[in-house]
Amino acid sequence: MDRAELLQPVVDTGSLPGTAQASGHLRLLVSTAIAGAALLIFSLAVAVRMGAPEHDAVLLGLTLVVSGLSSLVLALVLLRLAEQSPRIGLATRLIIPGALAIAVMLLNIWFTAAMMFISNHDLALLAVLLTYSGALGLVASFVLARSITGGLEKLNAAVRRMATGESSARVAVDTADEVGALGTAFNRMAEQAETAERGRLENETARRALLAAVSHDLRTPLSAIRVMLEAIEDGVADDEQTITRYHRAMHAEVSRLSTLIDDLFELTQIEAGALRLSLERTDIASLISEMLEAMQAEADREGIGLMASVDVGLQPVNADGQKLFRVLLNLITNALRHTPRDGTVTLIARESEPGVAITIADTGEGIASEDLPHVFERFYRGDKSRSRAGGGAGLGLAIARGIVEAHGGTIGVESLPGQGTAFTFTLPRSG
């Protein structure tokens with residue numbers, strides 16, 4: 001939609017503010033005139049019913065018609081002028097109809113009293129009483145107007161504060177009327193806006209951290225590859241043994257880059273909700289057996305014991321076997337990385353209330369309590385000084401959590417520094 005289409009509803013004459021106000025005033029005039037005519041007929045009927053002379057009834061009717069129409073027209077004109085004047089607020093506009101009604105009442109009573117030939121002394125007393133009643137009416141109108149405009153002024157102040165960037169601006173709601181409902185709606189909107197702003201800032205911080213982490217983890221192997229290539233090209237590394245060693249090192253760095261890119265792609269799919277699962281009945285015992293067979297060589301190389309404990313008769317789960325293999329691979333790789341020589345890594349599979357609970361426990365260095373809430377965050381490393389080769393890219397646990405949650409399961413961690421760590425994830429039973 002272009003700008004002209006967006007502006008089209010605004011320039012429609014039927015929706016202009018002035019046109020709408022004029023139409024509203026016209027409807028108000030017609031409605032008031034109908035109500036006044038009905039009230040006039042009723043009043044005259046009551047007067048005739050009570051035996052009032054016909055001449056007096058006609059004179060009373062004419063007086064009411066003239067005073068009513070003149071006050072109505074005057075009220076509409078004054079309201080129209082007040083709406084167009086920036087110096088006249090809502091309180092004044094609310095007082096105008098009440099003031100005119102009081103004035104019409106006073107004039108009608110005064111005129112009627114004068115027509116009844118009340119003495120000057122009685123007429124003066126009546127004038128004092130009418131003036132006092134009119135003043136009370138005006139005071140009541142003012143108090144009513146302030147009770148309405150006071151809440152609107154607070155709301156206006158809060159809106160101005162929010163417009164300046166103060167997202168914590170709120171309105172004190174003191175009434176249960178429409179103004180109070182408007183204040184409550186504003187507070188609810190402000191809370192949602194504050195939450196959205198907080199989320200935006202968190203996403204921006206996460207985006208910057210992600211870019212910094214990706215840049216660092218890409219720059220490190222690329223720099224190493226460039227240095228080795230330049231050494232070969234410049235003849236610094238000229239013997240066959242050194243060149244072969246550089247080639248092996250470059251191949252390893254390329255493998256790390258490929259793994260990092262694959263991890264980033266998979267994590268992007270998980271966070272975008274685009275991860276596709278091929279769900280089928282999966283035997284957890286067989287999956288764990290395959291994992292032990294695949295990781296045994298690495299465990300032996302590191303001098304770490306790798307074992308499993310699986311409940312007999314463990315029921316299958318409805319899962320994607322390849323994705324679960326990836327979860328186990330990430331968790332076991334992480335456990336082997338942080339377990340010292342002669343330590344142990346144990347896979348435990350047990351029946352649980354939601355289905356099956358799988359635990360990967362190690363006897364390694366453990367995780368500090370302040371790092372536990374963050375271990376599943378992407379690119380998070382508890383030891384900021386660890387290199388990528390020693391500590392990984394910080395994506396394995398984030399990917400594991402995403403895959404487990406995509407299966408409808410949960411994952412958590414328990415750890416004691418110096419004693420070991422246990423990651424446990426649950427999967428629902430096969431449907």
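In this predicted model, strands β4 and β5 pair in the antiparallel sense, with 7 bridges between them. Getting from β4 to β5 takes just a hairpin of 3 residues. To pick out one rung of this ladder, Ile 348 has Thr 359 of β5 as its bridge partner.

On from there, β5 also pairs with β7, again antiparallel and again through 7 bridges. Here Ala 357 sits opposite Thr 426 of β7. How enclosed is β5 by the rest of the structure? Of its 8 residues, 7 are buried, so β5 is largely enclosed by what surrounds it.

Strand β7 has another partner in β6, which covers residues 410–416; the two run antiparallel and share 7 bridges. Thr 426 turns up once more in this pairing, now with Thr 410 standing opposite. A hairpin links β6 and β7, leaving 3 residues between the strands. Gly 418 lies in that turn and has a positive phi of about 85°.

A positive phi also crops up at a residue other than glycine: Asp 342, where the angle is near 70°. Asp 342 belongs to the loop between α9 and β4. Is this residue buried or exposed? With a relative accessibility of 70%, Asp 342 counts as exposed.

Next comes the nonpolar interior. The largest nonpolar core holds 45 residues, and those with the most contacts inside it are Ile 284, Leu 328, Leu 347, Ile 360 and Phe 425. Helices and strands both feed into this core: α7 (240–271), α8 (284–302), α9 (321–337) and α11 (396–406) each give at least two residues, as do β3 (317–319), β4 (344–351), β5 (355–362) and β7 (420–428). Leu 328 shows what the packing looks like from one residue. Leaving aside residues up to four places away in sequence, Leu 328 touches Leu 287, Ile 288 and Met 291, along with Leu 347, Ile 358, Ile 360 and Phe 425. A second core, separate from the big one, has 7 residues, including Ile 225, Met 228, Ala 231 and Leu 257. As a general matter, nonpolar side chains in soluble globular proteins tend to be buried together.

Aromatic pairing is a short story. Searching the whole structure turns up 1 aromatic pair. Which residues form it, and in what geometry? The partners are Phe 376 and Phe 423, set edge-to-face with 5.9 Å from centre to centre and 85° between the planes. Phe 376 comes from the loop between β5 and α10 (388–391), while Phe 423 is part of strand β7, so the pair ties together parts of the chain that are 47 residues apart in sequence. Both rings belong to buried residues: Phe 376 has a relative accessibility of 10%, and Phe 423 has one of 3%.

Finally, some totals for the chain. The protein chain contains 11 helices and 7 strands. Among its 431 residues, 31% count as buried. The exposed surface comes to about 26,400 Å², with carbon and sulfur atoms supplying 61% of that area. As for contacts with a separation of 6 or more, 68% of them are between residues 24 or more positions apart.

Technical notes: Residues are numbered from 1 along each chain as its sequence is written. This is a predicted model: local features need pLDDT of at least 70, side-chain atom pairs count only at pLDDT 80 or more; totals for chains, interfaces and linings use all residues. Side-chain values use heavy atoms; hydrogens and water are left out. A nonpolar core is a set of buried Ala, Val, Leu, Ile, Met, Phe, Trp, Tyr and Cys residues joined through side-chain atoms within 4.5 Å. Buried means under 20% relative accessible area, exposed over 50%, partly exposed in between (1.4 Å probe, protein chains only). Helices (H or I, at least four residues) and strands (E, at least two) are DSSP runs, numbered from the N terminus. Contact means heavy atoms within 4.5 Å. Rings of Phe, Tyr and Trp (its six-membered ring) pair if their centres lie within 6.5 Å; planes under 30 degrees apart count as stacked, over 60 as edge-to-face and the rest as tilted. Accessible areas come from the Shrake-Rupley method with a 1.4 Å probe; for residues, only the protein chains shown count as cover. Two strands pair if DSSP finds at least two bridges between them.
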